[in-house]
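I opened my notebook to look up a few spots in this structure, one entry at a time. Come along and check each one with me.

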Amino acid sequence: MTGTTKLTVDGQPQQARSGDTILSLLQGLGIAPPALCSDPRIQPGAHCRLCCVELQGQEHPVTSCNTRVAEGMRIVTSSPALERYRHQLLEWMAQSCSSADLQGHPDKALHRELRRHGLAPGDAEPAPRGAVDESHPLIRFNPSRCITCYRCVRICEELQGQSVWHVLGHGAGIHIVPDSGGTLAASSCVACGACVDTCPTTALLDRPGLGQPPAERWTHSVCAYCGVGCEIEVGTAADAIVSVRPVLDAPVNKGHLCAKGRNGHAYERSPERVRQPLLRQEDGQWQASGWSQALDAVAQRLRRVIDTHGPDAVGVLGSARATNEDNYLVQKFARLVIGTHNVDCCARVCHTPSAAAMKMMLGTGAATNSFDDIELARCFLIVGANPSESHPVVGARIKQRLLRGAAQAIVIDPRRTELARQARLHLALRPGTNVPLLNAMAHVIVEEGLFDAGFVAARVEGLEALRSFLQAWTPERAAAICGVPAAQIREAARLYAGSGPAMCLHGLGVTEHSQGTEGVMCLINLALLTGNLGRRGAGINPLRGQNNVQGAALMGCEPGTLTGSQSLEASRARFEAAWQAPLPHNRGLNLLEMMDAAEAGRLKALYVVGFDIDLSLAHQAATRSALRKLDLLVVQDLFLNETARQADVFLPAASSFEKEGSFMNAERRVQRVRRSLPPLGEARPDWQILCELAAAMGLGEHFNYADAESIWNEVRAVWPDGAGLSYARLGRGGLLWPCRDEADPGQAVLHTEGFANGPTATLRVVDYRPSAERTDAEFPFLLSTGRNLYQFNAGTMSGRGPLSDLRATDTLDMNPADAARLAFADGELLQLRSRHGCAELPLRISGQVQPGQLFASFHDPAVALNRVTSPERDSIVQAPEYKLTAAQVARAGQAPR
Ligand SMILES: Nc1nc2c(c(=O)[nH]1)N[C@H]1C(S)=C(S)[C@@H](COP(=O)(O)OP(=O)(O)OC[C@H]3O[C@@H](n4cnc5c(=O)[nH]c(N)nc54)[C@H](O)[C@@H]3O)O[C@H]1N2
Ligand SMILES: Nc1nc2c(c(=O)[nH]1)N[C@H]1C(S)=C(S)[C@@H](COP(=O)(O)OP(=O)(O)OC[C@H]3O[C@@H](n4cnc5c(=O)[nH]c(N)nc54)[C@H](O)[C@@H]3O)O[C@H]1N2
Ligand code: SF4
Ligand code: SF4
Ligand SMILES: [Mo]
């Protein structure tokens, strides 16, 4: 592939990369013929034939999209015969569109070609060829517009891996149908939008965009939902988003998106967005106010708390949804203006256990490998993560490897998730038993001598201590605890150890347990034993949750560390010099400790930026009680979320479509967020609000920033591993840290030589301590909670738009056998009760869930699922145990109160 091939194009000598297609050569030269069935994301199809070229010495034209260059080839791109042929083909295709299509969708590929060739379709509707399918909330399929290029068929298979579209019939009767045989809504479509994105006509359209004007401007930015960090082009017209499409050459998403990234933006201009600051009146009602009045009120009331109770009576929470720049200022505000290390963020409740375990054992608390390692891995160990729904674009990349037989997967998850169905092995363990299962896998690897002796000798310590501890952790012993057959545990250990490089990806099914941090340690043990660290296609990779949760914590919204995860003590001098101010000395409280302190009356004020703690923290009764005891609750958000409903002051923040900055995704990649719209109403970027509040509190000179970039340059100055990440370099695609100077290309794989904290890493002995939460006769079910594809966390964003037509509310998923035994019907409203509280939600009968277990999502504020979850926490970093609650179920209305 690296060699060059000499040939001529239209008589001119040219060099091509050997192995390239003629079409890509011509595209590079800027003289490509139209190619309507071609898309760089899929294999060539040679269906539309528009890309035909002549090869001297050959009788018939060839399709350039699937013909490779060859030495000495003489290519002719244009001749009267070719032009006639293309014109005829385009004329035929023009019959599948109307002038209204062209006006309404000028960016569709067929329409561009028609314009280029001076072809104007008539005003008449094309002849109908089957009913228009409007069954799906996000996608409209109009068969009369189909030119049978099969891009939808191929992209659904080759990019998303769903294979929804099928080709039926032949000759003039050929047509495509969804795999339901009927409507798209009834098909296996996951609404990723790839088929719409690639469709060159109006056969497939985004329904939410129907009736909107075409985009006038496209702005390059990053999706504001999950930690995958897909690059997007935001199409705007008249101060509204009319379309979002993927960036084709983005390193993360490679031209792909999921339903949320493409069609989850209705919240942006939602009438429910708060447009002005709000102050709570004596009578409990909100009163809209101007910014200076609101900020003065906050400043005065914070000052009063600090003067009376000291700075440690105040807590500040950053937002994993806001930018790095915003979060850097959140923690600087807490430490410098308030004078406390009581600062934390949402990372506390999801992957702080990962960060802590990885930092302890490897020296860096972040994913060791990049997403591009997915295409290099031969084995995936997917533990307590459901990428198909939670990180869909990563899920699709993994799925492609599995579908092509290029890699195998071991899935450890109580539920039969999509990837579990595709995996070579699915270990459906009992929730809360990761530690014994992973210990038993390590036992097999050690006892059977499957470990990487060379790697262990050179880079790992503690083998003997671990070996003697593991002797007792036979697969048989673990099997009895985990409910997984011993033979499967052995097979999983052999597969992981024997088919490297093996990439471990883990999620909240590991971390959100009382043994969360320890579960991650067990995963690291496995990777260390098998030499799956410091190499491509391997590693330990927490699938970080929100768009910027990795960034929020790394910027210093973490009580124990400063920006860049630098230790408070070792880096104190650096920060005091940079900030020209002293840092506080008292230990800071983490989020859960803040809630405890509020309950105990020691924490008096809480300033919450973009984090709906009322809805999302476990055991809502405790959260509510603690919030009620505060003297001051300030919420800075896009919406009056459940926490904000209890606040004293609300400050309206600009969304990520409305500001400049950067996000850091789950693989340590920093990417630029760009403003595509002005802030709505009086809303302001979070960083700007904090600067103005600092000024109102008399410390404005420390918060004097002209723009987001000047904040980021300060971050780079205090964080050596990020010094090379200038805005100019982040341009497209971003960069991964460590990136120490402007010549550093960034690091895709960590720990290639030594580890971040020394030349060797030490294996950990982790004993099993079961959760205090147990089932009994009264609470016989084990409830686990998590996500679904179409809704996101607190639902403030995903819940305001067409995604809700795909998933209107949370469901309680129950195995068919349990539902039959209890005579519950699908969809019926049930009451879910635990020792801690109860909630009502509809039943969804699902074979994904094992008998005796339940699964529910937590996105709908009307359900408020966290009324039910338990107050247990991780023993080391205090992440709540969202994944294990003993529960009972009854028909709503018939349940004991
Ligand atoms: N669509 C969508 N995507 C999201 C989000 C969203 O709300 N919606 N939220 C984002 C956020 S904040 C995060 S942190 C990520 C989370 O992403 P994930 O970690 O994938 O999310 P969850 O669904 O909470 O849990 C993952 C899996 O853990 C399994 N599990 C439960 N208990 C156990 C156990 O004891 N052991 C094992 N091995 N597995 C167990 C569950 O069955 C579930 O399949 O997703 C992000 N992406
Ligand atoms: N039962 C159960 N509960 C859970 C979990 C579980 O698995 N089960 N998972 C937990 C996990 S992992 C997480 S991460 C949490 C998530 O819980 P949250 O962090 O509360 O949820 P999010 O929806 O991510 O968003 C938080 C808020 O940010 C706001 N926002 C968005 N963009 C911006 C911005 O630019 N600026 C500002 N100021 N605000 C903005 C949104 O409007 C929203 O109110 O939920 C946790 N709760
Ligand atoms: S939206 Fe995605 S999953 Fe659905 S049919 Fe199109 S490509 Fe396939
Ligand atoms: S995978 Fe995540 S980042 Fe990508 S489009 Fe979906 S929600 Fe956005
Ligand atoms: Mo999360």
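**Entry 1: a strand with two partners**

I began with strand 3 and strand 5 (residues 74–76), which are joined by 2 bridges and run antiparallel. A reminder to myself: strands of a sheet pair through backbone hydrogen bonds, either parallel or antiparallel. For this pair I noted that Glu 54 stands opposite Val 76 in strand 5. I also kept in mind that I am reading a predicted model.

Next I asked which way strand 3 (residues 52–55) and strand 4 (residues 62–63) run. They run antiparallel, and 2 bridges join them. Cys 52 has Thr 63 of strand 4 as its bridge partner. Strand 3 and strand 4 form a hairpin with 6 residues between the strands, and there I found Gly 57 with a positive phi near 95 degrees.

**Entry 2: a barrel**

Then I followed the strand order of a closed barrel of 6 strands, which reads 32-36-33-35-34-37. The pairing in this barrel is mixed. From one strand to the next, the twist averages 45 degrees.

I picked out one pair from the barrel: strand 34 (residues 829–834) and strand 35 (residues 838–845) are antiparallel, with 5 bridges between them. One residue to find on screen is Leu 830, whose bridge partner in strand 35 is Leu 841.

**Entry 3: helix 9 and its neighbours**

How do helix 9 (residues 324–338) and helix 26 (residues 686–696) pack? Their angle is about 20 degrees, and their axes are 8 Å apart. Angles under 35 degrees count as roughly parallel, so helix 9 and helix 26 are roughly parallel to each other. Their crossing is left-handed. On the helix 9 side, the contact includes Leu 329, Val 330 and Phe 333, while helix 26 brings residues including Trp 687, Leu 690 and Cys 691. I sorted the residues of this contact by class and wrote down 9 nonpolar, no polar and 3 charged.

I then turned to helix 9 and helix 27 (residues 708–718), which pack at about 65 degrees with axes 9 Å apart. That angle makes helix 9 roughly perpendicular to helix 27. Helix 9 passes helix 27 in a left-handed crossing. Helix 9 contributes Asn 324, Glu 325, Tyr 328, Leu 329 and Lys 332, and among the residues of helix 27 in the contact are Ile 711, Trp 712 and Glu 714. By class, I listed 7 nonpolar, 1 polar and 3 charged residues here.

I drew a ring around Leu 329 in my sketch, since this residue is in the contact with helix 26 and also in the contact with helix 27.

**Entry 4: around two ligands**

Which residues are closest to ligand 3? Of the 13 residues that surround it, the closest are Cys 156, Cys 189, Cys 192, Gly 193 and Cys 195. Helix 5 (151–160) and helix 6 (194–198) each give at least two residues to this shell. The shell around ligand 3 has 10 nonpolar, 3 polar and no charged residues.

Last, I looked around ligand 4. Its surroundings include Cys 223, Cys 226, Cys 230 and Cys 258, along with Tyr 225, Lys 260 and Pro 392. The elements that give two or more residues to this shell are helix 7 (259–263) and helix 12 (392–403). I counted the classes for ligand 4 as 9 nonpolar, 2 polar and 1 charged.

Methods. Residues are numbered from 1 along each chain as its sequence is written. Chains are lettered from A and ligands numbered from 1 in the order in which they are written. This is a predicted model: local features need pLDDT of at least 70, side-chain atom pairs count only at pLDDT 80 or more; totals for chains, interfaces and linings use all residues. Side-chain values use heavy atoms; hydrogens and water are left out. Axes are lines fitted to C-alpha atoms, for helices over the stretch in contact, and angles run from 0 to 180 degrees between N-to-C directions. Helices (H or I, at least four residues) and strands (E, at least two) are DSSP runs, numbered from the N terminus. Angles under 35 degrees count as roughly parallel, over 145 as roughly antiparallel, 65 to 115 as roughly perpendicular and the rest as oblique. A crossing is left-handed if the near helix is turned anticlockwise from the far one by less than a right angle, and right-handed if clockwise. Contact means heavy atoms within 4.5 Å. Ala, Val, Leu, Ile, Met, Phe, Trp, Tyr, Cys and Pro count as nonpolar, Asp, Glu, Lys and Arg as charged, and the others, Gly among them, as polar. Two strands pair if DSSP finds at least two bridges between them. A residue is near a molecule or strand if one of its heavy atoms lies within 4 Å of it.
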